[in-house]
Amino acid sequence: MALVVAKQIGRGSTLCTGQRLVLKCSFSSSALETKKKPSVGVVGQGIAALSLALTLQRHGINATLLPDAANHPPKRTGLMLPVNAMVLLKHLGIAEPVERAGTVLSSHLVTRFGSRPYGQLDLKALGTKFGASAVGIERQALLRAMESQLTVKPIRKGIYGFQQPAGSDVVRCEIFDSHGSRRNVDFDLMVIADGTKSKVRHGVFGIDARPGNFVYYDAFIQRPPTVDGTTMTDIWGIDARMYMVPCGRDGLYVWGSVSGGAATASSGQARVRDFVKLMRDANFNKLGVPDVLDAILKLPEVGLSLTDMVPSGQNRMYNRRFALIGDAAHAFPPGIHQGAAMAIEDAFVLGELVANFPDDIPKALEMFDKARRGALSNIEKIAIRDGTAAHFMSGRFSMWAREMTMRWTHSGRGLRSRYGKMAEDAVKIRDINASWLSTQLAALPTPSPAASNVKPVESSSS
């Protein structure tokens, strides 16, 4: 049995006991004993990880949430939880605290810079139809609301490593405290949910994120009084896009993009500021946009990065006793407001399958892979299509093609059809049963086999 040498974790690390910990992990090749409640470890503590923990908790299974190995710095961001996401969060019993922490949205407006709107979706009516309201919320507020419902809290700090010899079926973690005592924890399943830049995914699956083709910027600001406090707004320009989503009492999350995946951070920063000034100076006086842009320009620095993508549908979402969910499994171009929703759906389906097949984790993983990959591929196609349309360069034919596409896909009818279908799918997932699973399995081809070996990887968080 191969071991990965452990290192001491960061200061103040705890495992629900207040003791400092050291982690090192290896894999046992012993046969998996029949259990009513499988043990599940999760790498990551974001939306996907917490959703999985909450789903399993409903079935009396307490997942162990390990630290995010990618060491993502804390950042104040916001997001929209569409109706399909809230359908599942309501089923998990956390819709009310999420709504209290965020803003219940009444509508979604899609408009073009200097032109009449493409369309508007009545989110209140859609929510009434499916029994769940769309919510705009700060990401950290969402995580706090979700974590408050957990009976077993996440491990905040730690360093750990994985290695799986051929034939292994149990993940064994050895946990050391500062007094030198040790205990072993065997996991029947290890779930990787530490985001787009996941280090563990690379080591276990050999999958890396690839750069996208545009630069995006984001900022969390105080919502100006000229901006509607319950309407999420998408604004499309020429080779540019911006959306605004109210979050909480007075917060406003602003996200935008311009093309140029090869741009450096410094040149991209200048391009973003030039774009913001252009929109401000163009006398676009509707929707409180000038006040928003002025607030962004007053910030010392606009958040800026190149988009990363993890293509869905091409990669198998499990490998032996490992599973991928959330952005670690699929990261498509942002802008269709489905990133968090797809992470929640992943977690819910996986959690329900593990709970229903506790003695056959490989079967649960195979069913999970087949049930999710087709749905994710469809969402990715929509995201890529929207991203491409948003970044058409100026030119008669390009703009005409973009306008025809947008007038169809983002009209009021088009938006109702798109998000209504997603909400219907979420209801089917919520009511997951043998009939739904058999339909999913029959409709989707068997994925290609995963690699026979898993690379060793050391992942750390401090």
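**Notes on a helix pair and a small sheet**

1. Start with two helices: H1 (residues 47-57) and H9 (residues 339-356) have axes that come within 8 Å and cross at roughly 30°. Bear in mind that this is a predicted model. The crossing of H1 past H9 is right-handed.

2. Who touches whom here? From H1, the residues in the contact are Ile47, Ala48, Ser51, Leu52, Thr55 and Leu56. They meet Ala340, Ala343, Ile344, Ala347, Phe348, Leu350, Gly351, Glu352 and Val354 of H9. Sorted by character, the residues of this H1 and H9 contact come out as eleven nonpolar, three polar and one charged.

3. Now for the sheet. Three strands make up an open sheet in the order E5-E9-E6, and the pairing is antiparallel. At the edges sit strand E5 (78-81) and strand E6 (103-104), each of which pairs on one side only.

4. Looking at one of those pairings, E6 and strand E9 (residues 135-138) run antiparallel and are joined over two bridges. If you want a spot to find on screen, try Thr103, which stands opposite Gly136 in E9.

5. What packs on this sheet? Helix H5 (residues 139-147) does, touching E5 and E9. The direction of H5 makes about 95° with that of E9.

6. It's worth a look at which H5 residues are buried: Ala141, Leu142, Leu143, Ala145, Met146 and Glu147. Their cover includes strands E5 and E9, along with helix H2 (83-91) and helix H3 (95-101). H1, the helix from the opening point, is also among the elements covering the buried residues of H5.

Conventions: Residues are numbered from 1 along each chain as its sequence is written. This is a predicted model: local features need pLDDT of at least 70, side-chain atom pairs count only at pLDDT 80 or more; totals for chains, interfaces and linings use all residues. Side-chain values use heavy atoms; hydrogens and water are left out. Two strands pair if DSSP finds at least two bridges between them. Helices (H or I, at least four residues) and strands (E, at least two) are DSSP runs, numbered from the N terminus. Contact means heavy atoms within 4.5 Å. Axes are lines fitted to C-alpha atoms, for helices over the stretch in contact, and angles run from 0 to 180 degrees between N-to-C directions. A crossing is left-handed if the near helix is turned anticlockwise from the far one by less than a right angle, and right-handed if clockwise. Ala, Val, Leu, Ile, Met, Phe, Trp, Tyr, Cys and Pro count as nonpolar, Asp, Glu, Lys and Arg as charged, and the others, Gly among them, as polar. Buried means under 20% relative accessible area, exposed over 50%, partly exposed in between (1.4 Å probe, protein chains only).
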